[in-house]
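The following paragraphs consider how charged side chains pair within a single model. The reader is invited to follow the pairings with the structure in view.

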Amino acid sequence: MEKSLYMNEALKEAYKAYNKGETPIGAVIVKDGKIIARAHNLTEELQDSTAHAEILAIRQASKVLGGWRLINCDLYVTMEPCIMCSGAIINSRIKNIIIGTKHIKNKKMEKQHEFKMDYYKDNNIEVAFGILEDECSNVLQSFFKTLRGRD
């Protein structure tokens with residue numbers, strides 16, 4: 001129940017991005033049962049290719065904790081992080097990643113997925129998938145259908 005509660009908060013962030021015309025991905029960071037950071041994609045609004053939900057949440061959590069090491073923190077994110085975000089997650093020392101939906105649409109993405117899973121494992125980061133998976137997947141599908149002008 002707890003994981004779905006936090007993922008639901010990440011989904012709220014994804015919908016904020018959706019309403020701004022941003023790719024609808026949301027993230028929250030939790031420490032000791034409390035949300036210390038929340039963010040959604042802002043790449044278009046900030047004109048910044050690094051303004052992904054995970055990066056923005058990590059920056060916010062670092063300010064809250066007063067340092068860059070997010071020891072014993074959990075990241076809830078609606079879609080599997082990209083390679084850039086995966087590096088930031090590992091560098092920030094996040095302990096657990098809880099992911100709503102995977103991002104495997106072709107062989108290239110599958111290869112990246114395998115690389116990231118090995119990368120997390122090598123850095124002792126626990127990864128869980130499928131928390132509110134349908135909801136996380138639906139917001140992305142809806143966004144891209146609208147973007148492409150389909151119903």
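Helices, like strands, are taken here as DSSP runs, a helix being H or I over at least four residues, and they are numbered from the N terminus. The model is a predicted one, and six salt bridges are found in the structure.

Within helix α1, Glu 13 and Lys 16 are three residues apart, about one turn of the helix. Their side chains form a salt bridge, with an N to O distance of 2.9 Å. The two partners differ in their surroundings: Glu 13 is buried, at 2% relative accessible area, whereas Lys 16 is partly exposed, at 40%.

Glu 13 also meets the side chain of Arg 38 in a salt bridge, here at 3.8 Å from N to O. Because Glu 13 belongs to helix α1 and Arg 38 to strand β2, this pair ties together parts that are 25 residues apart in sequence.

Arg 38 has a further partner in Glu 9, and the closest N and O atoms of that salt bridge are 3.0 Å apart. Glu 9 lies in helix α1 (residues 2-19) and Arg 38 in strand β2 (residues 34-40), so this pair ties together parts separated by 29 residues in sequence. Arg 38 is partly exposed, with a relative accessible area of 29%, while Glu 9 counts as buried at 15%, since the limit for a buried residue is under 20%.

Which residues are linked in a network of salt bridges? The network comprises Glu 9, Lys 12, Glu 13, Lys 16 and Arg 38.

Key: Residues numbered from 1 in each chain as written. Predicted model: local features only at pLDDT ≥ 70, side-chain atom pairs only at ≥ 80, totals over all residues. Heavy atoms only, no water. Salt bridge = Lys/Arg side-chain N within 4 Å of Asp/Glu carboxyl O. Helix = DSSP H or I, 4+ residues; strand = E, 2+ residues; numbered from the N terminus. Buried < 20%, exposed > 50% of the residue type's maximum accessible area, 1.4 Å probe, protein only.
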